[in-house]
Amino acid sequence: MTKKQSGPTAVVAQNSSFFEVVQLIDQARQYTARAINTALIELYWQVGQYVSQKTASAGWGKATVLELATYIQRTQPGIRGFSSQNIWRMRQFFEAYRSEPHLSTLLRELPWSSNLHILTRAKHPDERAFYLRKAVEQRWSVREVARQMDNHLFVRTQLVPAKVSTALREIHPLATQYLRDMFFFEFLGLTNDHSESDLHQGLIKHLGRFLTELGSDFCYVGSEYPIQVGGQDFALDLLFFHRSLNCLLAIELKVTRFEPEHLGKLNFYLEALDQGHRKAHENPAIGVLLCASKDDEVVEYALNRSLSPALIAEYQTRLPDKKLLQAKLHEFYLQNVPVDDA
């Protein structure tokens, strides 16, 4: 006869069993939440379609939509989300995306508030599609959607591509799809005279937000990552792995302006990673030198002769100059398909 287990081991086994049940509950909740959101967005789409058709065929205007909202509140007491303004947004939502069926799944994966941010603030179809994809791929919260639109991610990544070394472009042809050379760390709350240690510790403390700012497919490996060459020990500021590029990615921090000599140390680390840390199935490591400021012409000269896959990036502790980026966006609008009035 098997003796019944007791003591700490039995408690651990029991807790493990309980945890599996809790996991099932959490999975069911997540599935239910997604299903409810999909159904809600589908409802808003259908209402928007109906109102759009009535606007075109029966001359419905904002006054009629206000009457509709009042009628809904009277016949469906307690229901939320059907104010006249929101119903009008449903119409705009339908009209903005009715000719873009390839975005249908993305629209239904995002909550209505995120959809509204993108719908009302991105005026060009390409810009809207960009933010929809990014929000779904990186699972942005509503707050993060607003933040990334505030710092004009579309302009910075699509209209002003990162300047990378020739070696990086040749070794990793897709690198510019995932890497950029401007980051905003306003969430760190750094003072103007912050030290490299302040920056380093802040990024580790806010690692989740740092990963979001870096972009998709970055996996954190370590801080002050130990590297030994010969009889000497070195410490790489930050090490990541990028899933899509299938390589290690080293980040060195500088709280000063970029100087050409900074690149030599980064190149040294990349060589050490490739020789002593890279696995057989991985691509050569990439280096990012993250500086407080940079002169683009100096960067271009430095990268032209670099044999390493590297880029020089700049970080800012405040959100960008909106007027400058809006001007660039306006220029994009003028050069492309006419903007719709969504």
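In which strand does Asp237 lie? Asp237 belongs to strand 3 (residues 232–242).

This is a predicted model, in which local features need pLDDT of at least 70, side-chain atom pairs count only at pLDDT 80 or more, and totals for chains, interfaces and linings use all residues. Residues are numbered from 1 along each chain as its sequence is written, and side-chain values use heavy atoms, with hydrogens and water left out.

**The chain overall**

The chain holds 15 helices and 6 strands. Both are DSSP runs numbered from the N terminus: helices are H or I with at least four residues, strands are E with at least two. Of the 342 residues, 42% are buried (under 20% relative accessible area, 1.4 Å probe, protein chains only). Among contacts (heavy atoms within 4.5 Å) with a separation of 6 or more, 67% join residues 24 or more positions apart. The exposed area is about 19,200 Å², and carbon and sulfur atoms supply 52% of it. Areas come from the Shrake-Rupley method with a 1.4 Å probe.

**Around Asp237**

Asp237 is buried, at a relative accessible area of 9%. Leaving out residues up to four places away in sequence, Asp237 touches Glu196, His200, Gly222, Ser223, Glu224, Ile251, Glu252 and Leu253. A polar atom of the Asp237 side chain lies 2.8 Å from the backbone nitrogen of Leu253. Lys254 sits 17 residues from Asp237 along the chain, and their C-alpha atoms are 10.0 Å apart.

**Helix packing**

Two packed helices are described by the angle between their axes and the distance between the axes. Axes are lines fitted to C-alpha atoms over the stretch in contact, and angles run from 0 to 180 degrees between N-to-C directions.

| Helix pair | Angle | Axis distance |
|---|---|---|
| Helix 5 (residues 112–121) and helix 7 (residues 142–150) | about 20° | 8 Å |
| Helix 3 (residues 84–97) and helix 5 | roughly 65° | within 11 Å |

The angle in the first row makes helix 5 roughly parallel to helix 7 (under 35 degrees). Helix 5 passes helix 7 in a right-handed crossing, with the near helix turned clockwise from the far one by less than a right angle. Ser113, Ser114, His117, Ile118 and Arg121 of helix 5 meet Val142, Val145, Ala146, Met149 and Asp150 of helix 7.

The angle in the second row makes helix 3 roughly perpendicular to helix 5 (65 to 115 degrees). On the helix 3 side, the contact includes Arg89, Phe93 and Tyr97. On the helix 5 side, Trp112, Leu116 and Ile118 are among the residues involved. Ile118 also takes part in the contact with helix 7.

Terms used
Buried < 20%, exposed > 50% of the residue type's maximum accessible area, 1.4 Å probe, protein only. Polar contact = N/O pair within 3.5 Å; in protein donor to acceptor, adjacent residues only side chain to side chain. Parallel < 35°, antiparallel > 145°, perpendicular 65-115°, else oblique.
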